Amino acid sequence: MLDFVVCVGGIYVCFLTWSTLQERVTTSTYGADHQRFQFTIVLNLLQAAAASLVGFIYIRMVQRKPMLTMTKHRWRRFFQVAMLSSAASPFGYMSLRYINYPTMTLAKTCKMVPVMAMNKVLYGRHYATHKYAVVAMITMGVSAFMLCKSSAKGIDVVENSAYGLLLVLVNLAIDGAVNSTQDQVFAEDAEISGQHMMCLMNLCSCVLMSLWLLNPLNPELSNAFQFLRTHPRAMTDIGMFAMCGAMGQCFVFYTLANFGSLTLTTVTVTRKFLSILISVFYNGHSMNTRQWLATSVVFAGISLDVYMKQAAKRVIVHAVDDKRPVSAELREEVDEAVAEDGPLEARDVPELVALRAGANGSEEPAAAVRRRRVVDVAAS
C-alpha cells in the first residue's frame with residue numbers, strides 16, 4: 001500500500017509541479033523589464049538532457065540492468081524518433097502565445113486522434129469500434145470548448161485563437177508520428193524498453209538540438225544564456241521544470257511495472273484534469289459553464305476508454321483462468337484485447353503470453369509482446 005501511495009503521490013507532485021512550471025516559464029514575465037523566455041529549443045534541450053540523464057540512472061541504479069547494445073540500425077531508429085520529437089515540442093510551446101494553458105491541456109487530450117490516424121496511415125493498424133466513439137467525444141468536446149469562449153474577464157492576457165489551436169494540432173500530428181514510430185520500434189526490437197527509449201531518444205534529441213543551436217547563424221543559444229544570466233529566477237524555474245518531468249517519468253515506469261496499465265492511465269487522466277483546475281484557479285483563467293460541460297465530455301470519453309481497457313484485461317485473465325480451448329472466437333478476443341490495451345505491459349504480460357501460446361499453438365517469449373509506448377504517457 002505504501003508503494004502505491006508513493007507512486008501515485010510522486011506522479012501527482014512531479015507532473016502537477018511540471019505543468020505549473022511549464023505555464024510559468026512559457027507565459028510569465030521575468031524581471032523589472034517584464035521579458036518572457038521565448039527560447040523554445042533551449043528549453044526543449046534542457047528538458048531532454050534531464051530526461052536522458054535520469055533515464056540512464058534509472059536503468060543502471062534502480063533496475064540494475066546494462067545499457068542497450070547499440071547498432072547502426074538502432075541508432076538510426078532512435079535518431080528518427082528524436083528528430084520527430086524535437087520538431088513537435090516547439091509548436092506546443094509557441095501555441096501558448098495564442099491560447100491559454102487550460103485550452104492547450106484540453107486540446108492535448110486529443111492526442112489519441114493523431115496517434116490512431118498515424119498508426120492507420122503509416123502502419124495499417126485497426127482499432128475497435130468504441131475507439132472511434134471515444135475520438136468523436138474528445139473531438140466534439142474540444143471543439144465546443146473553443147467555440148464557447150468565455151466572456152468573463154479574468155487575468156488572461158492571451159485570447160484563445162484558431163491559430164493557437166492550429167499550432168497545437170501540428171504538435172499533436174507530429175506527436176502522433178512519434179508515438180506510432182515508437183510503437184513500431186518496440187514491435188521490431190523486443191530488447192528495447194520504455195526506459196531505453198526515454199534515455200536514448202532524449203540523448204539523440206540533445207545531439208540534434210545542440211547542432212541546431214551551435215549553428216553560428218543562430219543566435220538563440222547566446223540570447224538564452226544572456227536572458228538566464230540577467231533573470232536568475234527563470235533559471236531556477238527551468239531547472240525544476242526539467243527535473244520534475246524527468247523524475248515523474250520514473251514514477252510512471254515504476255507504477256506501470258507494479259500496479260498495471262489501468263492504474264497508470266487512471267492517474268494520468270485525473271492528473272490532467274487537476275492541471276486544468278490548478279491553472280484555472282491558481283492563475284486566474286476564466287471558464288464559463290459551457291466550457292466546463294465541454295471539458296466533462298472530453299474526460300467522459302477518456303473514462304470510457306479506460307473502462308474498455310479494463311474489460312479487455314478481464315477477457316484475457318478469464319480466458320487464461322478458465323483454460324478455454326483454442327478457437328477462432330478466442331483468437332478474435334485475444335486480438336481485440338491486445339488492441340484495447342495496446343499491448344499489455346509488466347504484470348499483464350504473463351496472462352497475454354499464456355493465452356497467445358494457447359491460441360497460436362506456440363510459445364512466445366514475454367519480450368516479444370513488450371511493446372507499450374510509455375515514454376510520454378503522463379507528460380503529454
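Helices here are DSSP runs of H or I with at least four residues, numbered from the N terminus. With that in hand, the largest share of the lining of the second largest cavity, four residues, comes from helix 1. Keep in mind that this is a predicted model.

**The chain overall**

Let's zoom out for a moment. The chain has 380 residues, and 51% of them count as buried. Its secondary structure comes to 13 helices and two strands. If you take the contacts with a separation of 6 or more, 82% of them are between residues 24 or more positions apart. As for the outside, the accessible surface of the chain is about 17700 Å², and carbon and sulfur atoms own 64% of that.

**The second largest cavity**

How many cavities of 30 Å³ or more does the structure hold? There are two, and the second largest has a volume of about 30 Å³. Its lining is made up of Leu 16, Ser 19, Thr 20, Glu 23, Tyr 101, Ser 275, Ile 278, Ser 279 and Asn 283. Two elements give two or more residues each to this lining: helix 1 (2-27) and helix 10 (232-282). Chemically, the lining residues of this cavity split into three nonpolar, five polar and one charged.

**A closer look at helices 1 and 10**

Both helices have another residue worth a visit. Gln 22 sits in helix 1. Is Gln 22 buried or exposed? Its relative accessibility is 6%, and buried means under 20%, so Gln 22 counts as buried. Once you leave aside neighbours within four places in sequence, Gln 22 has contacts with Tyr 93, Tyr 101, Met 104 and Phe 241. Tyr 101 also turns up in the lining of the second largest cavity.

Over in helix 10 you'll find Met 240. Its relative accessibility is 41%, so Met 240 counts as partly exposed, the class between 20% and 50%. Met 240 and Gln 47 are 193 residues apart along the chain, yet their C-alpha atoms are separated by 9.8 Å.

**Aromatic pairs**

Now for the rings. Counting pairs with ring centres within 6.5 Å, you get eight aromatic pairs. Two of them share Phe 227 and look like this:

| Pair | Centre to centre | Angle between planes | Type |
|---|---|---|---|
| Phe 37 and Phe 227 | 5.5 Å | 70° | edge-to-face |
| Phe 39 and Phe 227 | 6.1 Å | 70° | edge-to-face |

Why do these count as edge-to-face? Planes over 60 degrees apart fall in that class, so the 70° between the rings of Phe 37 and Phe 227 puts that pair there.

Where do the partners sit along the chain? Phe 37 belongs to the loop between strand 2 (35-36) and helix 2 (40-62), while Phe 227 is in helix 9 (residues 220-230), so their pair ties together parts that are 190 residues apart in sequence. Phe 39 lies in the loop between strand 2 and helix 2 as well, so its pair with Phe 227 in helix 9 ties together parts that are 188 residues apart in sequence.

Phe 37 and Phe 227 are both buried, and Phe 39 is buried too. The story takes in one more ring: Tyr 30, Phe 37, Phe 39 and Phe 227 are linked into a cluster by ring pairs.

Methods
Residues are numbered from 1 along each chain as its sequence is written. This is a predicted model: local features need pLDDT of at least 70, side-chain atom pairs count only at pLDDT 80 or more; totals for chains, interfaces and linings use all residues. Side-chain values use heavy atoms; hydrogens and water are left out. On a 1 Å grid over the protein atoms alone, a cavity is a set of points where a 1.4 Å probe fits but cannot get out, and a pocket is an open set with protein on both sides within 12 Å along at least five of seven lines; lining residues have an atom within 4 Å of a point. Grid points are joined across faces, edges and corners, and a volume is the space filled by probe spheres set on the points. Ala, Val, Leu, Ile, Met, Phe, Trp, Tyr, Cys and Pro count as nonpolar, Asp, Glu, Lys and Arg as charged, and the others, Gly among them, as polar. Buried means under 20% relative accessible area, exposed over 50%, partly exposed in between (1.4 Å probe, protein chains only). Contact means heavy atoms within 4.5 Å. Accessible areas come from the Shrake-Rupley method with a 1.4 Å probe; for residues, only the protein chains shown count as cover. Rings of Phe, Tyr and Trp (its six-membered ring) pair if their centres lie within 6.5 Å; planes under 30 degrees apart count as stacked, over 60 as edge-to-face and the rest as tilted.
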